[in-house]
Amino acid sequence: PEITYVVPDGTSHVVDVPVGQSVMDGSVRNNLPGIVAECGGSCSCATCHVHVDEQFAASFGEITDEERDLLEYAEDVCDRSRLSCQLVVTAGCDGARVTVPDSNG
Ligand code: FES
């Protein structure tokens, strides 16, 4: 499934992320800027914060309490905020767009 990443400099990058990997994996493996992912995906750093486009919010799993708590440490949080390491890609995510705030890290 193709995921579009809008990174802090405003450019868009389309990445084919394999099913089962996270949105964070897709960014890190392609060296995209913005998603720092300091903790390596164990839901404990909040440097992988992204805003998910509204029409794709339901394509990813529900937010957990743990993720919600951690998002309090991120900046530029909005109701579309998620931690990208917790966004597991499925076939239904094809075409999803995430925006990386430049406050990560
Ligand atoms: Fe650390 Fe997602 S990579 S919380």
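Two strands are taken to pair if DSSP finds at least two bridges between them. In this predicted model, strand 1 and strand 5 (residues 96-99) meet that criterion in the parallel sense, over four bridges. Within this pairing, Ile3 stands opposite Ala96 of strand 5.

Confidence in the prediction was assessed next. The chain has a mean pLDDT of 96. A value of 70 or more is reached by 99% of its residues. The model scores are ipTM 0.99 and pTM 0.96.

The chain contains five strands and two helices. Their order along the sequence is β-β-α-β-α-β-β. The five strands build an open sheet of mixed pairing, in the order 2-1-5-3-4. Strand 2 and strand 4 (81-83) are at the edges, and each has a single partner strand, so one side of each lacks a neighbour in the sheet. From one strand to the next, the twist averages 35 degrees.

Strand 1 also pairs with strand 2 (residues 12-16). These two strands run antiparallel and are joined by five bridges. Together they form a hairpin, with five residues between them. In the turn, Gly10 has a positive phi of about 95 degrees. Ser12 of strand 2 is the bridge partner of Val6. Towards the other edge, strand 3 (residues 49-52) and strand 4 are antiparallel and share three bridges. There, Val50 has Arg82 of strand 4 as its bridge partner.

The side chains of strand 1 (residues 2-6) alternate between two faces. Ile3 and Tyr5 point to one face and are buried. Glu2, Thr4 and Val6 point to the other and are not buried. Val6 has 18 other C-beta atoms within 10 Å, whereas a buried residue needs 20 or more; Val6 is therefore partly exposed. Apart from neighbours within four places in sequence, Val6 is in contact with Ser12, Arg97, Thr99 and Val100. Of these contacts, Thr99 is 93 residues away from Val6 in sequence, yet the C-alpha to C-alpha separation is 4.6 Å.

On the buried face of strand 1, Ile3 touches Val15, Val17, Val23, Gly26, Val89, Cys93, Ala96 and Val98, not counting residues up to four places away in sequence. Ile3 also belongs to the largest nonpolar core, which has 21 residues. Ile3, Val23, Met24, Cys48 and Val98 touch the most other members of this core. Strand 1, helix 1 (23-28), strand 3 and strand 5 each give two or more residues to the core. In soluble globular proteins, nonpolar side chains tend to be buried together.

Overall dimensions were then examined. The C-alpha trace spans about 30 × 30 × 25 Å along its principal axes. The radius of gyration is 12 Å, in agreement with the value near 13 Å for a compact globule of 105 residues. Buried residues account for 30% of the chain. Among contacts between residues at least 6 apart in sequence, 68% join residues at least 24 apart. The pair Val6 and Thr99, 93 residues apart in sequence, gives one example of such long-range proximity in space, at 4.6 Å from C-alpha to C-alpha.

Definitions and conventions. Residues are numbered from 1 along each chain as its sequence is written. This is a predicted model: local features need pLDDT of at least 70, side-chain atom pairs count only at pLDDT 80 or more; totals for chains, interfaces and linings use all residues. A residue is buried if 20 or more other C-beta atoms lie within 10 Å of its own, exposed if 12 or fewer, and partly exposed in between; C-beta atoms are placed from the backbone. pLDDT is the predictor's confidence in each residue, from 0 to 100. Axes are lines fitted to C-alpha atoms, for helices over the stretch in contact, and angles run from 0 to 180 degrees between N-to-C directions. Two residues are in contact if their C-beta atoms, placed from the backbone, lie within 7 Å. A nonpolar core is a set of buried Ala, Val, Leu, Ile, Met, Phe, Trp, Tyr and Cys residues joined through C-beta atoms within 7 Å. The radius of gyration is taken over C-alpha atoms; the globule rule is 2.2 Å times the number of residues to the power 0.38.
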